[in-house]
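Open your viewer, switch to a cartoon representation and get ready to make a few selections. We will go stop by stop, with a word on what to look for at each one.

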Amino acid sequence: MTILTQILAEKEKEVVQLKKNYQPASRLKDVRKRSLYDSFLNAEEIGIIAEIKRASPSRGAINTNVNPPKQAAQYVNNGAGAISILTDQPFFQGAMSDLEAVRNTVDVPLLNKDFIIDEIQIDRAKDFGADVILLIAAALPEQRLADLYKYALAKDLEVLFEVHNQVELAAANEIGAKIIGINNRDLRTFEVDLATTEKLAGQVSDPNKLLISESGFRKREDVERVKQAGVKGILVGETMMRSGNLQQTFRDLQIPL
Ligand SMILES: O=P(O)(O)OC[C@@H](O)[C@@H](O)c1c[nH]c2ccccc12
């Protein structure tokens with residue numbers, strides 16, 4: 001059984017509980033919409049989505065003492081264009097309350113990073129302050145992805161549609177995803193290879209698609225590589241969470257387009 005399968009099995013249980021217990025109610029103090037698409041598509045620099053990730057199945061504990069709103073504020077002060085908040089608890093030690101806390105601290109677009117398999121998780125993401133949700137092509141059949149995509153749009157959320165190979169990229173196009181995340185990490189094997197972005201980004205010619213490269217960014221040359229491939233943004237987790245000098249880390253990774 002792959003890790004993705006294990007995570008999805010846990011999500012099934014979480015969704016059962018949510019359907020029993022979750023009382024939909026917006027917690028938003030500031031309802032203004034923050035668009036990842038608009039802010040990244042025509043930017044003059046590579047956009048950086050900095051992630052809050054305490055731990056992960058592939059890397060174990062990363063930074064379990066993080067204070068999410070404080071960390072998010074530092075990300076934004078150093079130039080992050082958006083923040084990703086991992087809210088999965090069993091595998092990543094995140095929480096929905098992290099998202100809410102960050103929402104009340106910074107004003108950039110927020111991505112709720114989780115394994116979404118059901119509409120109720122989208123309702124909850126919206127309630128807790130997400131502007132963008134993640135849909136992982138590898139997690140669900142295409143018809144289900146299409147349904148969830150539509151549901152999110154109807155709730156005025158944006159979707160980062162995550163792909164890792166050509167079949168998944170074809171699904172993204174079929175569904176009409178405007179923001180495509182190319183994950184350099186294979187969620188089945190954990191192997192990270194920036195060539196994934198090089199291969200897949202070259203197959204997207206529509207200038208109205210916003211391409212984001214995800215995972216494995218450590219140094220400037222990594223960003224140069226995916227910039228050549230045509231992406232407008234990068235998603236950086238571990239390097240941010242381990243950085244002892246965020247100003248320096250952002251200086252290294254932020255390059256003009
Ligand atoms: O820590 P990294 O290598 O910078 O990766 C960040 C991000 O791309 C990664 O956390 C991620 C990409 N897709 C996901 C799906 C679920 C959970 C996590 C992820």
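**Stop one: a pair of helices**

Helices α1 and α5 cross with a left-handed turn. To see this, select residues 3–21 for α1 and residues 119–127 for α5; the two axes come within 9 Å and cross at roughly 65 degrees. An angle from 65 to 115 degrees counts as roughly perpendicular, so that is the description that fits α1 and α5. Keep in mind as you look around that this is a predicted model.

Now show side chains where the two helices meet. On the α1 side, pick V15, L18 and K19; facing them from α5 are I120, Q121 and R124. Sorted by class, this contact of α1 with α5 holds 3 nonpolar, 1 polar and 2 charged residues.

**Stop two: another pair of helices**

Next, select residues 68–77, which form α3, and residues 96–103, which form α4. Their axes come within 8 Å and cross at roughly 50 degrees, and α3 and α4 are therefore oblique to each other. The handedness of the α3 and α4 crossing is right-handed. Which residues make the contact between α3 and α4? Highlight P68, P69 and A72 on α3, then D98, A101 and V102 on α4. By class, you will find 5 nonpolar residues and 1 charged residue in the contact of α3 with α4, with no polar ones.

**Stop three: the barrel**

Hide the helices for a moment and colour the strands. They include a closed barrel of 8 strands with parallel pairing, in the order β1-β4-β5-β6-β7-β8-β9-β10. Within this sheet, neighbouring strands are turned against each other by 25 degrees on average, direction ignored.

Zoom in on β4 (residues 82–86) and β5 (residues 110–113): these strands run parallel and are joined by 4 bridges. Label S84 and you will find L111 of β5 opposite S84. Bring back helix α7, residues 166–175, which packs on the sheet and touches β7 (158–163) and β8 (179–183). The direction of α7 makes about 155 degrees with that of β7.

**Stop four: the ligand**

Finally, centre the view on the ligand. How many residues surround the ligand? There are 15, and the closest are E214, S215, L235, G237 and E238. The elements giving two or more residues to this shell are β10 (233–236) and α10 (238–242). Colour the shell by class and you will see 4 nonpolar, 5 polar and 6 charged residues around the ligand.

Conventions:
Residues are numbered from 1 along each chain as its sequence is written. This is a predicted model: local features need pLDDT of at least 70, side-chain atom pairs count only at pLDDT 80 or more; totals for chains, interfaces and linings use all residues. Axes are lines fitted to C-alpha atoms, for helices over the stretch in contact, and angles run from 0 to 180 degrees between N-to-C directions. Angles under 35 degrees count as roughly parallel, over 145 as roughly antiparallel, 65 to 115 as roughly perpendicular and the rest as oblique. A crossing is left-handed if the near helix is turned anticlockwise from the far one by less than a right angle, and right-handed if clockwise. Two residues are in contact if their C-beta atoms, placed from the backbone, lie within 7 Å. Ala, Val, Leu, Ile, Met, Phe, Trp, Tyr, Cys and Pro count as nonpolar, Asp, Glu, Lys and Arg as charged, and the others, Gly among them, as polar. A residue is near a molecule or strand if its C-beta atom, placed from the backbone, lies within 6 Å of it. Two strands pair if DSSP finds at least two bridges between them.
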